[in-house]
Amino acid sequence: MKFYGTALSSPLMLGTAQYPSPDILASAVKAAQAGVITVSLRRESAGQKAGQAFWSLIRELEVPVLPNTAGCHTVKEAVTTAHMAREVFETDWVKLEVIGEADTLQPDVFGLVEAARILTSEGFRVFPYTTEDLVVAEKLLAAGCEVLMPWGAPIGSGKGLNNVFGLRALRAHFPDVPLVVDAGIGVPSHAAQAMELGYDAVLINTAVAKAGDPVAMARAFSLAVEAGALAYKADPMAERDMAAPSTPLLGKPVLA
Amino acid sequence: MNILVNDEAREVTAATLAALVDELGLKGARIATAVDGDFVPASRRSHLTIAEGMKIEIVAPMQGG
């Protein structure tokens with residue numbers, strides 16, 4: 001699956017925030033073999049110039065970057081942030097977040113669709129952070145998005161895929177649209193599950209960065225994503241309610 | 001001239017946004033600018049005149065999820 005015409009080297013998209021150190025971040029990105037890393041923009045202090053050091057670090061990683069509009073609560077803020085990100089990161093890719101609620105960090109899908117329409121008309125390649133709502137998904141596609149990024153669970157919660165039915169329905173409705181589970185993944189099995197559902201990628205940050213050993217966890221996610229993708233291609237068996245013996249009954253000796 | 005840079009009160013001598021970026025030691029740095037909530041591309045910084053009370057945001061690459 002291609003994302004706006006670009007094939008990624010891996011379906012694992014990795015966030016760059018909250019790592020114990022820049023060295024651990026760099027090692028985790030390599031261990032994950034991340035296909036994309038997400039980045040953000042924050043105020044630059046004239047004295048510290050932290051952003052310049054981070055810029056050097058991500059350039060050395062040589063992984064495509066996906067800037068986000070994290071923390072934006074209005075269409076205007078998100079659109080302006082996207083403009084700034086395009087200039088700083090020299091990419092027209094943007095992970096569009098318009099946050100609607102502080103406790104769940106769930107997207108304001110009305111603002112999201114509006115911001116997506118503005119940005120796609122300006123040439124941005126929008127990766128919208130959305131819910132698994134089919135109607136919203138339709139509207140995002142109509143607004144010019146060619147990728148959808150539904151949440152698994154609230155950002156940073158680690159709860160996994162809260163609505164598997166909804167995610168499966170989204171996959172079935174949009175077989176040709178690249179779909180990414182973004183947010184809520186806590187452990188590698190969640191990522192494998194998303195891939196087994198036929199998702200094209202997963203985006204993970206906190207689950208790796210906040211692990212006791214982020215580099216080992218990055219590798220674990222890399223393996224899980226590979227396993228899940230392979231399992232989806234291998235066409236998993238159908239689930240059933242009742243048991244069905246796997247060992248043949250024919251030829252069983254009568255011992256009772 | 002008294003302005004706000006990243007919400008911090010500053011007295012500056014720069015006449016333009018480009019000059020302000022220089023004055024703050026950020027010339028050539030990987031940054032983006034906004035004035036009073038609107039994005040100002042790098043190519044327009046030298047045309048933007050600093051005025052009393054302006055709210056200027058200067059951002060740079062940062063870790064993100």
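Start by colouring chain A and chain B differently and looking at where they touch. In this predicted model, the contact takes in 31 residues of chain A and 27 residues of chain B. The size of an interface is often given as the accessible area lost when the parts come together. Here the two chains bury about 2400 Å² between them, with 58% of that on carbon and sulfur atoms.

Next, select R30(B), M62(B) and G65(B). On the chain B side, these residues lose the most area to chain A, and together they make up 29% of what that side buries.

Now switch on the side chains and hunt for polar partners. Counting pairs with both residues at pLDDT 80 or more, 18 residue pairs are in polar contact between chain B and chain A. Which parts of chain B should you show as ribbon here? Go for β3 (32–35), β4 (38–40) and β5 of chain B, the elements that each give two or more residues to the side touching chain A. β5(B) supplies the largest share, 7 residues. Colour that side of chain B by class and you'll get 14 nonpolar, 7 polar and 6 charged residues.

How many salt bridges cross the interface of chain B and chain A? The rule finds 4. To see a salt bridge up close, select E57(B) and R43(A): their side chains meet with an N to O distance of 2.7 Å.

Keep E57(B) selected, since the next stop is the largest pocket. E57(B) is among the residues nearest the centre of this pocket, along with V59(B) and, from the other chain, E77(A), T81(A) and M84(A). In total, 19 residues line the pocket, and its volume is about 490 Å³. Show β4 (36–43) and α3 (75–89) of chain A plus β5 (55–63) of chain B, and you have the elements that give two or more residues to the lining. α3(A) gives the largest share, 5 residues. Colour the lining by class and you'll find 8 charged, 7 nonpolar and 4 polar residues.

Two backbone spots round off the tour. Most residues other than glycine have a negative phi. Select Q33(A), though, and you'll find a positive phi of about 50°, even though this residue is not a glycine. Q33(A) sits in the loop between α1 (22–32) and β4 of chain A.

Then jump to chain B and pick D7(B). This residue is not a glycine either, and its phi is positive, near 70°. Where is D7(B)? Look in the loop between β1 (2–5) and β2 (8–11) of chain B.

Notes. Residues are numbered from 1 along each chain as its sequence is written. Chains are lettered from A and ligands numbered from 1 in the order in which they are written. Side-chain values use heavy atoms; hydrogens and water are left out. On a 1 Å grid over the protein atoms alone, a cavity is a set of points where a 1.4 Å probe fits but cannot get out, and a pocket is an open set with protein on both sides within 12 Å along at least five of seven lines; lining residues have an atom within 4 Å of a point. Grid points are joined across faces, edges and corners, and a volume is the space filled by probe spheres set on the points. Helices (H or I, at least four residues) and strands (E, at least two) are DSSP runs, numbered from the N terminus. Ala, Val, Leu, Ile, Met, Phe, Trp, Tyr, Cys and Pro count as nonpolar, Asp, Glu, Lys and Arg as charged, and the others, Gly among them, as polar. Contact means heavy atoms within 4.5 Å. Buried area is the accessible area (1.4 Å probe) that two parts lose on being put together, summed over both. A polar contact is a pair of N or O atoms within 3.5 Å; within protein, one must be able to donate a hydrogen and the other to accept it, and residues adjacent in sequence count only if both atoms are side-chain atoms.
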